[in-house]
Amino acid sequence: MLLACAISFCFCGFPLILGDVASSYLWEVRREALEREQFAALQTEVTRLLGLAEAEDLIQPALRRLVERAEGQSCPHRWVYPRLRALVRRYPGLFSFFLADDRDRVIWKSDQGESARLVTRFLQRLREIERGERHRLALKEAPSLALLLGGRPGQPKFENIGQGWTDINRLPRKTWLFTHLGSRFALLAFVHRQGFTSDLGIRSRVAAPPRGEITLHLLDTYAMTLSGPGDEAFRRQAIPVVLRGERENTPCLREGGRLWAMGLVDSRYRVLASCPDRVSDLPARHRTQYRGFAIGFFLLVTLAIWMVQRMDPPPWISWRWKLTVVFGFASFLPVFVAFFLLAAYLREREVLLVDQAHRAAESILQTLDSQLVRVFRLCEVRLQHLLRSSAPRTPAGQARLQADLETFRQRYHCRTIQILDHQGRETLLRQGAGLRPGEQQLRKLISGLLGEVLAQVRGDASDLGKGGNAGGLARSQVAASLLLARDPADLLADLLAGLGTLQRLHVGTMDTYIFYDVVGPRQGKPAQIVGIAWDVDDLIALYLGRFLPMKPLDDGTELFCARLTRVHRTRNRVVTEVPTERSANQSRGKPRRRRQRVRESFFPMFPRRPVGADFHRIFQRFRAQRQLCHGRIDYKGQPALLTCVPGQGLPGFGFFAVRPFAPLAAQITALRRTLLVFALLIATFTGLVSVLLARKFLEPVREVARGVEAVRGKEFRYRLPVLDRDEFGDLAVLFNRMMEGMHELDMGRQVQDRLFPRQPLALGEMRAFGRSLPASELGGDYFDYLAFGPGRLLVLQGDVTGHGVPAALVMAMAKAIITEAAARQSSLEDLMTALHRAIRHGGGESLFMTLGVLLIDATTGQATFCNCGHPYPWRFRPGQPPVAVALPGSPVGLRSVFKGRFGDFQFEPGERWVFYSDGLFESLGTASLSGFDVLGQFLAERAALPLEEACRRCLAEHPVVQAGGSLPDDFTVLMVERAIAAEGPLVGRTPTE
């Protein structure tokens, strides 16, 4: 059993151990991949929840679905009215609805303090814009409509009002506006910020039944309450998870047998998505299953080997199959395990290459984000050079300075350029189009501050009052100090220190960059100061236009930037309509073209890229989380890697890098092809080695098979070629030596066969015939019949102890003595004495011979019988039962002096004597009968046959011979009989004579 375990471990256990190591690694890789997929699904749910924190993403789709369903009803007013009332009751302070019929007459309003007449007028203006009869609202002509919208008449956002959703104010009331101008009804819905909370839509979503295994929750960090499914124990577990995630600054955690993903709604609320952790124990579970299978398989193989070892004889299995199994377990199974390891390595390599690509893109984007200061420095250097090289003291120099500044404004996207002289007078060179409300006041504020800076540089601040502008400068200084929350002295000192550099000012909701510097020599008194203002968006556009690459990088990466806040824009579009009725001014069937205002809502992108839906999905998640984000998208019909980095130098923007995945896929494919070729080379090498070794093993085996076949055909001259000096070479040498010995034995066998008489002998009325089957190549049985003098027949049957060469030598020596005695016509006593002396002295004490000798007178039938320890012969006489001729005696050569016993018998006509060796009856014994008696019956059944046929059948039909096994001893039969009538003269002759 220990040997079976050792063999099974070598060919089965060790590869199974390798498989355990490989499967553990593979399942660990699989666990990480499944964990990433589950975390990605949780983060997707978190992103969806965070989208519900914005009114535009929550309320706008709901109102749009509401009006679409109402348009499909037979009476939309009656269908939509109760639903609007339900919304007002459910969300108090959130909505102000105005429902109108097809003529824009208000039939219901939720806010009774609003004027229905103004609503009707406003709806009519919107329809006129849609029909192309108006280009804009022109609220300056109707200030009451501006009051309806909750703002001032010149507010730019009012010009973007159209069909759908519009962000009109930042006030608590009437923050957003939703309009629907249908053919059968119109709806005007004001959404108020004061009635909207960030948890409004999230609470309704987490209260809904969970989809699948993912559960959603909302945590109120002020009250430390958790909204969503689950019991108190779940709440006690979830709250520490959120606190841990904020402490560790990670959005994904594993805790308490669950996977968690978190998102920040605002300073108060956190959203939480979780699902059961079914992947952490995946490697251990599959490892346990594999090890159970491996142990069972190992025990099964061990049991099979042990059973094969216990088989007697063991089953015949070709060496070819044995070598296949050996090399399969020893070589191909480790190669198979290595193949899976290489497959896992390829996956890890792909993940590593993708991660490296993302990190490289992230580094590029972060470097790009930090380059905004280069724009500042570029503007500063350009303006400093322009002002230093100018001479504005003459009208021509003043004109050249103004021309240079105008060129600078166009190239560098300045909002305004101002020149202030030493008397406080302001000259506006150029003002950019589309100034927002409040920018005029900001420009006047900056003008006052620049005048104060110029006065300080000139050193004549007291002269400013001569022009009557001292009070204005003082008021500007005080106003700036109040708006900027700075002490006037500190503010003035900072402005003087920043002379000639780009400075940033935050005034209210406006974010402005300004550059100011004096014109002229600084040692004297400069006559003017130049102030240049940029809006932050203008500088960002300048930065993106100058430093963001428009073309793909060397590796095919395309970079672009996008604003993370939505922009609404309304534009005119020309549409063609086919008239349904013939009018006086139009011919029948002539199409009519009109202008229609189309409102767009989008996220500005620079430069524009052909992104698809998968990009927008990742963009929404990135916009909600404002964290580094990676993903895969389809870009221009090809797979690509997307890297998203939130802007730090450019807050409110996101930088994106799209890198084609094809080069990485080509690299992975090349690596996969290389490893595949390497694996094929290993398999080919292993196969060739197995074939060569099999041939190396099987070629000597074939030669041995040929040698065995030669032995079977008794071609003892065949010799095996000695191919190599190894075990098979030693086996060939030993086989050749064996063949030499078998050749000698064959020659001895042939000599021994010649010692036996081959034909029957007939002498007078006497006939003799015998046959012998040796148990080995050289037997020890001896029989002979020959003429022993005139008219006498000598019959002998003996058995030398042992087999092989010694017995054959004793037999040959006996043959020689008997032949010599017959030639001299010695007496029977002299023959036996000479034979005894020769065997005694030639064979020693270990060799002796049992012998039965019968000397018959062929004329009278008188016979003399001498038995020397040989089995008693059977005597068959006509009409009488067979009897054994019992005449005891000692074997020839056993004692020092021959002491044989002789007996006289009379051969009757038809009488037959049968001599045999002891092997014939020793193998026939049963429980009830002795082998001697069984042999007597066996011979009696064949006694009536002719002499030659009886001898042959006695040997051929013996049970041991018919069984086909090896003979336990030499089988010999010798028969002598007296014929009923004389057959001729008393001379020795054979039947052929």
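**Notebook: helix packing, membrane spans and cysteines**

I looked first at helix α2 (residues 55-71) and helix α3 (residues 76-90), which pack at an angle of about 155° with their axes 9 Å apart; helices here are DSSP runs of H or I with at least four residues, numbered from the N terminus, and axes are lines fitted to C-alpha atoms over the stretch in contact, with angles from 0 to 180 degrees between N-to-C directions. I noted that α2 and α3 are therefore roughly antiparallel to each other, a label used for angles over 145 degrees. For contacts (heavy atoms within 4.5 Å), I found that Leu66, Arg69 and Ala70 in α2 meet residues of α3, including Trp79, Arg83 and Leu87.

I kept in mind that this is a predicted model, in which local features need pLDDT of at least 70 and side-chain atom pairs count only at pLDDT 80 or more, while totals for chains, interfaces and linings use all residues. Residues are numbered from 1 along each chain as its sequence is written, and side-chain values use heavy atoms, with hydrogens and water left out.

Next I turned to the UniProt record, an unreviewed entry, which places "transmembrane region" at residues 290-309, 321-346 and 675-694; such annotations may be inferred rather than shown by experiment. I saw that residues 290-309 are 100% helix, with end C-alpha atoms 28 Å apart, and that residues 675-694 are 100% helix, with their end C-alpha atoms 28 Å apart.

Finally I searched for disulfides (pairs of cysteine sulfur atoms within 2.5 Å) and counted 0. The sulfur of cysteine 866 lies 3.9 Å from the closest cysteine sulfur, in cysteine 868, which is too far for a bond.

Terms used. Helix = DSSP H or I, 4+ residues; strand = E, 2+ residues; numbered from the N terminus. Parallel < 35°, antiparallel > 145°, perpendicular 65-115°, else oblique.
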